[in-house]
Amino acid sequence: RRKIMLEDQVASQRIDFFEQMHHEFLYLKGYGTYAYLTSHDVDLLYESYMAQQVSIAAAITPQTSVVGFIRSFIKTL
């Protein structure tokens, strides 16, 4: 039962990341994520974000770090 709850939480975090990413692309670029990236690129970006989370200070809220991470990436395009 606990494993299912953890899997649901991981899936929820992934979906939240993708939704936030799409929102930021629309806001900053005027088009959705997939106008700029492939689904494989999006998966790699999510994995990169998750790896970075290990080193983020506890004082930064997850929402702030997601937005900051995504906006920093978008600005490199």
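**Three helices and their salt bridges**

At 30% relative accessibility, arginine 71 counts as partly exposed. The model in which this value was computed is a predicted one. Arginine 71 is a useful way in, since its side chain has a charged partner. The side chains of arginine 71 and glutamate 24 form a salt bridge, with 2.6 Å from N to O. This pair links distant parts of the chain. Arginine 71 belongs to helix H3, which covers residues 62–75, while glutamate 24 belongs to helix H1. In sequence, the two are 47 residues apart.

Is glutamate 24 buried or exposed? Glutamate 24 is buried, because its relative accessible area is 2% and the cut-off for buried is under 20%. Its partner is on the other side of that cut-off: arginine 71, at 30%, is partly exposed.

Step back to the whole fold. The chain has three helices and zero strands. Read from the N terminus, the order of elements is α-α-α. Helix H1 spans residues 2–29 and helix H2 spans residues 39–53. Of the 77 residues in the chain, 23% are buried. The accessible surface of the chain is about 5,500 Å². Carbon and sulfur atoms hold 59% of that surface. Contacts reach far along the sequence. Take those between residues at least 6 apart: 63% of them join residues at least 24 apart.

How many salt bridges does a search of the whole structure find? It finds three. The bridge from arginine 71 to glutamate 24 is one of them. Now turn to arginine 14, which is found in helix H1. Its side chain meets that of aspartate 43 in a salt bridge of 3.0 Å, N to O. This pair also links distant parts of the chain, with arginine 14 in helix H1 and aspartate 43 in helix H2, 29 residues apart. Arginine 14 also meets glutamate 47, side chain to side chain, in a salt bridge of 3.3 Å, N to O. Arginine 14 lies in helix H1 and glutamate 47 in helix H2, so this bridge ties together parts that are 33 residues apart in sequence.

How open are these three residues? Arginine 14 has 25% relative accessibility and counts as partly exposed. Aspartate 43 is partly exposed at 31%. Glutamate 47 is partly exposed at 45%. Each value falls in the range between buried, under 20%, and exposed, over 50%.

Contacts around arginine 14 fit this picture. Setting aside neighbours within four places in sequence, arginine 14 is in contact with Asp43, Tyr46 and Glu47. Tyrosine 46 is 32 residues away from arginine 14 along the chain, yet their C-alpha atoms are separated by 7.5 Å.

Helix H2 deserves a look of its own. H2 has 15 residues. From its first C-alpha to its last it reaches 21 Å, close to the 21 Å expected at 1.5 Å a residue. Which residues of H2 are buried? They are Val42, Leu45, Tyr46 and Tyr49. These residues cover an arc of only 100° around the axis, so they sit on the same side of H2. The spacing has a general background. An α-helix has 3.6 residues a turn, so residues three or four places apart point the same way. On the other side of H2, His40 and Ala51 are exposed.

The loop between H1 and H2 comes next. Threonine 33 lies in this loop. Why does threonine 33 count as buried? Threonine 33 is buried because its relative accessible area is 2%, where the cut-off is under 20%. Leaving out residues up to four places away in sequence, threonine 33 touches Met21, His22, Phe25 and Val42. Val42 is also one of the buried residues of H2.

Tyrosine 36 has its place in the loop between H1 and H2 too. Tyrosine 36 is partly exposed, with a relative accessible area of 35%. Together, Tyr31, Tyr36 and Leu77 make a nonpolar surface patch of about 320 Å². Tyrosine 36 can belong to such a patch because its 35% is above the cut-off of over 30% relative accessible area.

Key. Residues are numbered from 1 along each chain as its sequence is written. This is a predicted model: local features need pLDDT of at least 70, side-chain atom pairs count only at pLDDT 80 or more; totals for chains, interfaces and linings use all residues. Side-chain values use heavy atoms; hydrogens and water are left out. Patches are made of residues with over 30% relative accessible area and no salt bridge: like charges are joined within 9 Å, nonpolar side chains (Val, Leu, Ile, Met, Phe, Trp, Tyr) within 5 Å. Accessible areas come from the Shrake-Rupley method with a 1.4 Å probe; for residues, only the protein chains shown count as cover. A salt bridge is a side-chain nitrogen of Lys or Arg within 4 Å of a carboxyl oxygen of Asp or Glu. Helices (H or I, at least four residues) and strands (E, at least two) are DSSP runs, numbered from the N terminus. Buried means under 20% relative accessible area, exposed over 50%, partly exposed in between (1.4 Å probe, protein chains only). Contact means heavy atoms within 4.5 Å. The expected span of a helix is 1.5 Å times one less than its number of residues. The arc is that of the directions from the helix axis to the C-beta atoms.
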